[in-house]
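Me: Could you take a close look at one part of this model for me, the ligand and the pockets? I'd like a connected walk through what is there.

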Amino acid sequence: MAERKPLMAGNWKMHHTHLEAIQVVQKLSYRLEKQDYDDVEVVVCPAFTALRSVQTTLEGDRIPIGLGAQNCYFETQGAFTGEVSPTMLAKLHVQYVIVGHSERRELFGETDEIVAKKLRAVLAAEMQPIVCVGESLAQREAGETDAFVTSQVHAAFEKLPADKAARCVIAYEPIWAIGTGRNATPDDANATIGVIRSTLRDIVSGTADDMRIVYGGSMKPGNAADLMAMPEIDGGLVGGASLDPDDFARIIRYSR
Ligand code: PGA
């Protein structure tokens, strides 16, 4: 089994203009040292309007932070007003694309079927999807967490060849923990991620143990070390706390 290098991805959501984004990424780079990058893969996912500016900043200043996008469409080009294609993102040297975030599923009607198409489109453009799954509070309270995330993983990964699955990251993000300040306990997150990994073993056997599964939902400097100490948790998808370069740098440091 290959060692899984932790991934810390900042999901900036609809925050930071391109000017603010440049400043934040520069400040973040001042706070990180070589050991941070050696031990943790650091990625930022700005809004579409800031991708080009952040890309040129990272490349111009030789900052070893990866670039991610928060969404894309599944077609390569065409009459799809307002959409952005995987090809366009790949040309901007985007390496990761978040797919199926719960906000996209809940607010913008993304179904499991759309998520599966996007995942494949991102892979076809030689980028890596960060596929989000996670249950609602009602589902958790009804004891349906495992069955629900298992169904989401099946819908996304069924029939995907193992070599392609190996390039995917999964983010387990309990919806009730996102932006609420209330995180899953390390034990609960670890247990659900264990369920996700054993589901992957059934679908894409051979690679499941090499795939990174990260946690998302109110990850912050105060809980990052405890979450990252769990054997199944391979990193974080960090929303609110990644907007501030000091907080995000601390989370990265605590993940080493
Ligand atoms: P949060 O968001 O860290 O603000 O809870 C995480 C996410 O939605 O990816």
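Reply: Here is a walk through the ligand site, then the pockets, then a loop.

Bear in mind that this is a predicted model, so everything below is computed from it.

Let's start with the ligand. Its surroundings come to 13 residues, and the closest of them are Lys13, His101, Glu173, Gly179 and Ser218. Sorted by class, that shell holds seven polar residues, four nonpolar ones and two charged ones.

Now for the polar contacts, taking the oxygen atoms of the ligand as the starting point. Histidine 101 uses its side chain here: a polar atom of that side chain is 2.7 Å from a ligand oxygen. With serine 218 it's the backbone instead, where a polar atom lies 2.7 Å from an oxygen of the ligand. Asparagine 11 comes in through its side chain, with an N or O atom 3.4 Å from a ligand oxygen. As for how covered the ligand is, on its own it would expose 280 Å², and the protein buries 95% of that.

Where does this put the ligand among the pockets? The space it takes up is the second largest pocket. That pocket has a volume of about 160 Å³. Its lining consists of 18 residues, and those closest to its centre are Gly179, Gly217, Ser218, Gly239 and Gly240. Gly179 and Ser218 are names you've already met, among the residues closest to the ligand. By class, the lining of this second largest pocket splits into 10 polar, five nonpolar and three charged residues.

The largest pocket is worth a stop too. Its volume is about 410 Å³. It is lined by 13 residues, with Lys13, Met14, Gln70, Arg104 and Phe108 closest to the centre. If you're after the element that gives the most to this lining, look at helix H5, residues 102–107, which supplies three residues. The class make-up of the largest pocket's lining is six nonpolar, four polar and three charged.

You may have noticed Lys13 turning up twice: it is one of the residues closest to the ligand, and it is also one of those closest to the centre of the largest pocket. So where does Lys13 sit in the fold? It belongs to the loop that runs between strand E1 (7–11) and helix H1 (18–31). Its backbone deserves a glance as well, since lysine 13 isn't a glycine and yet has a positive phi of about 50 degrees. Histidine 16 is in the loop between E1 and H1 too. Histidine 16 also has a positive phi, about 70 degrees, again without being a glycine.

Methods. Residues are numbered from 1 along each chain as its sequence is written. This is a predicted model: local features need pLDDT of at least 70, side-chain atom pairs count only at pLDDT 80 or more; totals for chains, interfaces and linings use all residues. Side-chain values use heavy atoms; hydrogens and water are left out. A residue is near a molecule or strand if one of its heavy atoms lies within 4 Å of it. A polar contact is a pair of N or O atoms within 3.5 Å; within protein, one must be able to donate a hydrogen and the other to accept it, and residues adjacent in sequence count only if both atoms are side-chain atoms. Accessible areas come from the Shrake-Rupley method with a 1.4 Å probe; for residues, only the protein chains shown count as cover. On a 1 Å grid over the protein atoms alone, a cavity is a set of points where a 1.4 Å probe fits but cannot get out, and a pocket is an open set with protein on both sides within 12 Å along at least five of seven lines; lining residues have an atom within 4 Å of a point. A molecule sits in a cavity or pocket if more than half of its atoms lie within 2 Å of its grid points. Ala, Val, Leu, Ile, Met, Phe, Trp, Tyr, Cys and Pro count as nonpolar, Asp, Glu, Lys and Arg as charged, and the others, Gly among them, as polar. Grid points are joined across faces, edges and corners, and a volume is the space filled by probe spheres set on the points. Helices (H or I, at least four residues) and strands (E, at least two) are DSSP runs, numbered from the N terminus.
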